[in-house]
Amino acid sequence: MNADTHPHVGAFLKARRGQLSPRECGLPETDSTRRVTGLRREEVARLAAISVDYYTRLEQGRVRASAPVLAALTQALRLDEDQQRYLYQLAGRTDPQPRRRTIQRIRPAMQRLLDQLPHTPALVLGRRLDILAWNTAATRLYTDFAVLPPSDRNYIHLLFTDPDIKNLHTNWRHDAREAVAALRMEAATNPDDPHLAHLVGALSVTDKDFRTWWAQHHVTTTAHATKHYHHPLVGHLSLDCDTWNSPDGSGQRLMLLTAQPDTSSHDALHILTTWTEETLTTDRTKELPR
């Protein structure tokens, strides 16, 4: 690949060295007047154990940095995780450093949004299609997620292992295969996630359909579809399923199920979500293990 493909690498390196002082990097400070703000090129080269000429060509965009050089520059320029990821992306390289998996949390405002949708089943899905939050309408449609162990609150796990949820889906094979395809896309984004590997391994052992569909490598990023359910209380439901990605970079998705007005499904969904005044359990888990 031509070095000109990565013209912004040099600009980032130059900007970053301008933000550091010799003292921050363990270099001796001299009494001479510095003509540059931050580190000099030769100081960065010394810290990274590369030649000044090579580093100069990097900043000028005349060469493409190798993976070992990027690793050395990461240390020399004291880059944090986000800065390191950004540098590797600019350079067109794969960052070899495993990322610490943060606990999945939803913002209180998101839970308030769910709770203010009394007749619209809604879920917040996280990594691996973990079910992070839900509203009462979703429990009326699917199940009471609050009584499930946190490890079982996973959309695809329930789709394959819970007989009631499996029977709820009129076109289960289609819906389940699409869910597997979405999980496949997740695996491409987070291939080293041990919890994803455990989920896939467990379902591959216990379910032939999952094992077959996973091996087919079908992928999808479909954000909308129509799902057909047969609910034991209200019968047939034809619901539009839409998902929106969170803009905060968390990978969380808001999933909403709605019915077209003036249809039998709309009436049935309204009956289902107002069936009883009895308060259902609202204890929700706000975080899952890494």
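**A first walk through the model**

1. Buried residues, meaning those under 20% relative accessible area, make up 44% of the 290 residues in the protein. Exposed stands for over 50%, and partly exposed for what is in between, with a 1.4 Å probe and protein chains only. This is a predicted model, in which local features need pLDDT of at least 70 and side-chain atom pairs count only at pLDDT 80 or more, while totals for chains, interfaces and linings use all residues. Residues are numbered from 1 along each chain as its sequence is written, and side-chain values use heavy atoms, with hydrogens and water left out.

2. For general orientation, the protein has 13 helices and seven strands. Both are DSSP runs numbered from the N terminus: helices are H or I with at least four residues, strands are E with at least two. Of the contacts with a separation of 6 or more, 54% are between residues 24 or more positions apart; a contact means heavy atoms within 4.5 Å.

3. A good place to start looking is the open sheet of five strands, whose order is β3-β2-β6-β5-β4 with antiparallel pairing. The edges are β3 (131-134) and β4 (224-231); each has a single partner strand, so one side of each is left without a neighbour in the sheet. On average, neighbouring strands here are turned by 25° against each other, direction ignored. Two strands count as paired if DSSP finds at least two bridges between them. Strands of a sheet pair through backbone hydrogen bonds, either parallel or antiparallel.

4. At one edge, β2 (residues 122-125) pairs with β3 in the antiparallel sense over three bridges. Here you can find Val124 opposite Ala133 of β3. At the other edge, β4 and β5 pair in the antiparallel sense over eight bridges, and they form a hairpin with three residues between them. Within this pair, Thr226 has Asp240 in β5 as its bridge partner.

5. Now for the helices that lie across the sheet. Helix α6 (residues 108-115) lies across β2, β3 and β6 (253-258) and runs at about 50° to β3. Helix α13 (residues 264-273) lies across β4, β5 (235-245) and β6, at about 85° to β5. Axes are lines fitted to C-alpha atoms, for helices over the stretch in contact, and angles run from 0 to 180 degrees between N-to-C directions.

6. How do α11 and α12 pack? Helix α11 (residues 194-206) meets helix α12 (residues 208-215) at an angle of about 125°, with their axes 5 Å apart. The two are therefore oblique to each other, the class left over once angles under 35 degrees (roughly parallel), over 145 (roughly antiparallel) and 65 to 115 (roughly perpendicular) are set aside. From α11, Val200, Leu203, Ser204, Val205 and Thr206 make the contact, and from α12, Lys208, Phe210, Arg211 and Trp214. These residues divide into five nonpolar, two polar and two charged.

7. Finally, two loop residues deserve a look. Ala49 is not a glycine, yet has a positive phi of about 60°; it lies in the loop between α2 (41-48) and α3 (52-59). Arg128, also not a glycine, has a positive phi of about 65° and sits in the loop between β2 and β3. Which of these is buried or exposed? Ala49 is exposed, with a relative accessible area of 69%, whereas Arg128 is buried, at 5%.

Methods
Ala, Val, Leu, Ile, Met, Phe, Trp, Tyr, Cys and Pro count as nonpolar, Asp, Glu, Lys and Arg as charged, and the others, Gly among them, as polar.
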